[in-house]
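Me: I have a structure on my screen and would like to know the reasons behind some of the labels people put on it. Could you take me through them?

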Amino acid sequence: MASHRLDQFDKIVKMGKEGQMALNDYWIDFALYTSFEYWLMVSFLIVPLIYLFFKIDKSKIFFMGFYGYSIHIFFGYIDLFGRNLGLWNYPFPIIPIIPGLSIDSSLIPVTFMLVYQWTLNYKKNYYVYTIMTSAILSFIFKPLLVALGLFKMYGNINYFHLFVCYLIVIMIAKFITNVFLWTERRYNNPKNH
């Protein structure tokens, strides 16, 4: 029984590998790296990082970096979940084995980092402004990506589902950041030693 189960698992892994090889071949066969869409995705990776370098508050760099990294990680998980279920994918990946690289690793985390930094600097409500940002990304930016052919949705997935994904990520990232801030304050307070 265990041998049959492992054989079945090996077949599933092989099918996943074959699917990835097909995506790699698609990327090469259609020379995606020569297309306008490809270079637009590259710009979604590089431009936000350059902008962030100049705009991030250097006095809060580790704090903001941790928050941005949390956003990146949780969007990466949600993106992987959606791609594995066949709910969405990116027809013009920068690197075929990491399709959402430019969006999930740069554009989205940098956007939320700058919004969060702005709410801190101007004493605005984090939740109000990150929810507004999530709505803009879900109901304006993602439809624009779909119209440009840079993002494809499948099945019953819709923009509201994407909005919920954004909300989940911003809540988790804020919670985890707050836990680390609380822990840092608690253990850096001389009264606790």
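Reply: Happily! In this predicted model, ring pairs link F63, Y67, Y116, Y126 and Y127 into a cluster.

Me: What makes Y126 and Y127 an edge-to-face pair?

Reply: Two values settle that. The ring centres are 5.0 Å apart, and pairing asks for centres within 6.5 Å. The planes stand at 90 degrees, and angles over 60 count as edge-to-face, so the pair of Y126 and Y127 earns that name.

Me: Are those two residues buried or exposed, and how do you know?

Reply: Buried means under 20% relative accessible area. Y126 has 5%, so Y126 counts as buried. Y127 has 36%, which falls between the 20% and 50% cut-offs, so Y127 counts as partly exposed. Y126 also has a charge for company: the charged end of K174 sits over its ring, 5.2 Å from the centre.

Me: Why is the pair of W88 and F151 called tilted?

Reply: A search of the whole structure finds 19 aromatic pairs, and W88 with F151 is one of them. Their centres are 6.4 Å apart, with 35 degrees between the planes. Stacked needs under 30 degrees and edge-to-face over 60, so an angle in between is tilted.

Me: What does that pair tie together?

Reply: W88 lies in strand β1 and F151 in the loop between α5 and β2, so the pair joins parts that are 63 residues apart in sequence. With 5% relative accessibility W88 counts as buried, and so does F151 with 1%.

Me: Why is K142 said to sit over the ring of F151?

Reply: The charged end of K142 is 4.1 Å from the ring centre, and the distance limit is 6 Å. The direction has to be within 35 degrees of the ring normal as well.

Me: How do you know that the length of α6 agrees with what its residues should span?

Reply: At 1.5 Å a residue, its 30 residues (159-188) should span 44 Å, and the end C-alpha atoms are 43 Å apart, which agrees. At the start of α6, a side-chain oxygen of N158 reaches to within 2.9 Å of the backbone nitrogen of F160. Buried residues of α6 include F163, Y166 and K174, and what covers its buried residues includes α3, β1, α4, α5 and β2.

Me: And how does α3 do on the length test?

Reply: Its 24 residues should span 34 Å, and the end C-alpha atoms are 34 Å apart, which agrees. F63 and Y67 are among the buried residues of α3, which pack against β1, α4, α5 and α6.

Methods
Residues are numbered from 1 along each chain as its sequence is written. This is a predicted model: local features need pLDDT of at least 70, side-chain atom pairs count only at pLDDT 80 or more; totals for chains, interfaces and linings use all residues. Side-chain values use heavy atoms; hydrogens and water are left out. Rings of Phe, Tyr and Trp (its six-membered ring) pair if their centres lie within 6.5 Å; planes under 30 degrees apart count as stacked, over 60 as edge-to-face and the rest as tilted. Helices (H or I, at least four residues) and strands (E, at least two) are DSSP runs, numbered from the N terminus. Buried means under 20% relative accessible area, exposed over 50%, partly exposed in between (1.4 Å probe, protein chains only). The expected span of a helix is 1.5 Å times one less than its number of residues. Contact means heavy atoms within 4.5 Å. A polar contact is a pair of N or O atoms within 3.5 Å; within protein, one must be able to donate a hydrogen and the other to accept it, and residues adjacent in sequence count only if both atoms are side-chain atoms.
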